[in-house]
Amino acid sequence: MSEKKNLLIGVTGGIAAYKVCEVASYFTKKGVNVNVVMTEHGAEFVAPLTFEALTKNPCLTSLFDGKSADPVAHVNLGRTADAVLVAPATANVIAKLANGIADDMLTSTVLAASCKKLVAPAMFTGMLENPATQRNIEQLRRDGFEIIEPESGRLACGAVGSGRLAEPAELISAVEEALFGSDELKGKRVLVTAGPTREEIDPVRYITNRSSGKMGYAIAKAAKAMGAEVELVSGKTELLPPYGVSTVFVSSAEDMYNAVMNRAQKADIVVMAAAVADYTPAEKAEQKMKKSDGELSLSLTRTKDILAALGEENNEHRVLVGFSMETENLIENSRKKLHSKNADMIVANSIASENTGFGVDTNAAVLITASGEAETGLMTKDELARLILEKAAVLKK
Ligand code: CTP
C-alpha cells in the first residue's frame, strides 16, 4: 500500500457493536490508520478501551472529555478521513445525520467529513420500517451516503425480521471499496467462477476437491472494487459472497456450465477460478448405495470443459482467463492449457508450498499469456486478484 489511508468508524448504541471490533482490527492489521468514535450509548455495549487496543488510537466518545490533545478533534478526524463507516447505526443517529444535527462527538465528526460515508443500520424491524426512519435513510442516500443494507434474522429482542447489522465481511468489503476502489474496470462486466463442484454419487455422497473458493471470491471482490459490474458463479464454499456482487450458487460441473455459458455472453472478462470436476459419476444412484462384500468400482464420465467451450466461441472482445493448478511441470502444462482452451491468460499456481493454493490467504502464480510469462511472487490473494484483473483489462485493448 503506498500512502496510509485513514478510516473513521462511528459506533452507536446497538448490540451488534461487537461485530465492528472485527472491522477495526482487520483494517488496522492491513496498515490503515483507524480511528473509532462512539456515542455514549455505543460505549455501553463495547468499551472504548477495546477499540483503543485494536486500533492503537484513542477512542473518543465526547467532545469535551480532554482525551484527545486536539481541541478540535472532530474537525480534524472528519477532515482527514478517507472513508467513514457508521456501524451499527441506530435509528436515532440516522435521524441526526439525515438532518445535520451535530450534538456529540460522533455526529460532529461525521458532519465534518466530506469523504465517502457508509452507514450500516441495525435496529428492531419496527423501528427500521417506521416511515420516519425510511425517510431519513432515503435522505442519507440523496446526500451521498451509501447504505449497507441490514439483513434479516434473529434480533436482540428475540423477534425475527429485518434489522440485523450486515456481517463483518460485508462491512469490510464495502469499506475496502470506499478506501481502495478505483475505476479501472468501470463500465466492464466481469464474470467469475469460484470454489469446487460437487459430483453426486448418491443422495448422501459426492466427489469434490479441496478448493476453498478464496481466490475466486478475491477476484470478484477486486473486480467490484475496480468499478466493474460483477457476477459470481460459485460452488459450495464457507465464504460470504462479496458485497455488491451478484452471486449464484451451483453444485455440479454441469450446473456451473449452464450458469456460466449464458452469463458469459455479455461479459467483457471471464475468470474461471473454479475447480471444476473433470469427471462425474456416469449414473447417480436414486437411493443410498448399500455396501456389499468385495470392491466397488465407480464409472465416471468426462464433464464439459467450460473454459474450453468459451474459448471455442472465439469472441474477439472478451478476455478469457483460466487457472491451472499443477503439482509438476507448472509452466509447460499451463502453457498447453492456454492453447488448448484458447484462453487469453492462464494463472498458473503451484500447490508445492504451504503458502500457496488451497485454503490459504496467500498465493504465488505465473501469469501466462501469448506474449510471455510473469512471475508474481508470494502475495495475498487480494493482491493477486488485482494484478490478474489489471493485466486482463489491457489484454485485448
Ligand atoms: N475448467 C473448466 N471446466 C472443466 C475443468 C476445468 O472450465 N470441466 C477450467 C478451470 O476452471 C480452470 C482451467 O479450466 O480455469 C484449468 O483447470 P485444471 O483442472 O487445472 O486443468 P484441466 O483442464 O482440468 O486439466 P488437468 O486436470 O488435466 O490438469
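Buried residues account for 48% of the 397 residues in the chain. The model is predicted. The chain holds 14 helices and 21 strands. Its C-alpha atoms fill a box of roughly 75 × 50 × 35 Å along the principal axes. A ligand is present, and the space it takes is the second largest pocket.

**The ligand site**

- The ligand has 17 residues around it. Met272, Ala274, Phe323, Lys337 and Lys341 come nearest.
- The shell residues divide into eight nonpolar, three polar and six charged.
- Strand β16 gives the largest share of that shell, with five residues.
- The space taken by the ligand ranks as the second largest pocket. Two elements, α12 (306-312) and β16 (319-326), each give two or more residues to the shell.

**Backbone atoms facing the ligand**

- Lys304 has a polar backbone atom 3.0 Å from a nitrogen atom of the ligand.
- Leu307 has a polar backbone atom 2.8 Å from an oxygen atom of the ligand.
- Met325 places a backbone N or O atom 3.4 Å from an oxygen atom of the ligand.
- On its own, the ligand has 570 Å² of accessible area, and the protein covers 77% of it.

**Strand β16 and Glu326**

- Glu326 lies in strand β16. This is the strand that gives five residues to the ligand shell.
- Glu326 has a relative accessible area of 13%, so it counts as buried. The cut-off for buried is under 20%.
- Glu326 and Ala348 are 22 residues apart in sequence. Their C-alpha atoms are 7.6 Å apart in space.

**Asn363 and its partner**

- Asn363 sits in strand β18, which spans residues 362-363.
- The relative accessibility of Asn363 is 1%, so this residue is buried.
- The side chain of Asn363 makes a polar contact with the side chain of Asn349. The distance is 3.0 Å.

**Backbone features to check on screen**

- The peptide bond from Ala87 to Pro88 is cis. Its omega is near -10°.
- Pro88 belongs to strand β3, residues 83-89.
- Asn314 has a positive phi, near 50°, and is a residue other than glycine.
- Asn314 is placed in the loop between α12 and β16. Those two elements each give two or more residues to the ligand shell.
- The relative accessible area of Asn314 is 57%, so Asn314 counts as exposed. Exposed means over 50%.
- Asn342 also has a positive phi in a residue other than glycine, near 55°.
- The loop that holds Asn342 runs between α13 (330-340) and β17 (345-350).
- Asn342 is partly exposed, because its relative accessibility is 37%.

**Pairs across the chain**

- Glu200 is found in strand β9, residues 199-202.
- With a relative accessible area of 35%, Glu200 is partly exposed.
- Glu200 and Asn76 are 124 residues apart along the chain. Their C-alpha atoms are separated by 58 Å.
- Arg142 lies in helix α8, residues 131-142.
- Arg142 is exposed, because its relative accessibility is 60%.
- Arg142 and Ala98 are 44 residues apart along the chain. Their C-alpha atoms are separated by 9.5 Å.

**Points to take away**

- For the ligand, start with the backbone atoms of Lys304, Leu307 and Met325.
- For the shell, look at β16, which gives its largest share.
- For burial, set Asn363 at 1% relative accessibility beside Arg142 at 60%.
- For backbone geometry, view the cis bond from Ala87 to Pro88, then the positive phi values of Asn314 and Asn342.

Key: Residues are numbered from 1 along each chain as its sequence is written. This is a predicted model: local features need pLDDT of at least 70, side-chain atom pairs count only at pLDDT 80 or more; totals for chains, interfaces and linings use all residues. Side-chain values use heavy atoms; hydrogens and water are left out. A residue is near a molecule or strand if one of its heavy atoms lies within 4 Å of it. A polar contact is a pair of N or O atoms within 3.5 Å; within protein, one must be able to donate a hydrogen and the other to accept it, and residues adjacent in sequence count only if both atoms are side-chain atoms. Accessible areas come from the Shrake-Rupley method with a 1.4 Å probe; for residues, only the protein chains shown count as cover. On a 1 Å grid over the protein atoms alone, a cavity is a set of points where a 1.4 Å probe fits but cannot get out, and a pocket is an open set with protein on both sides within 12 Å along at least five of seven lines; lining residues have an atom within 4 Å of a point. A molecule sits in a cavity or pocket if more than half of its atoms lie within 2 Å of its grid points. Helices (H or I, at least four residues) and strands (E, at least two) are DSSP runs, numbered from the N terminus. Ala, Val, Leu, Ile, Met, Phe, Trp, Tyr, Cys and Pro count as nonpolar, Asp, Glu, Lys and Arg as charged, and the others, Gly among them, as polar. Buried means under 20% relative accessible area, exposed over 50%, partly exposed in between (1.4 Å probe, protein chains only).
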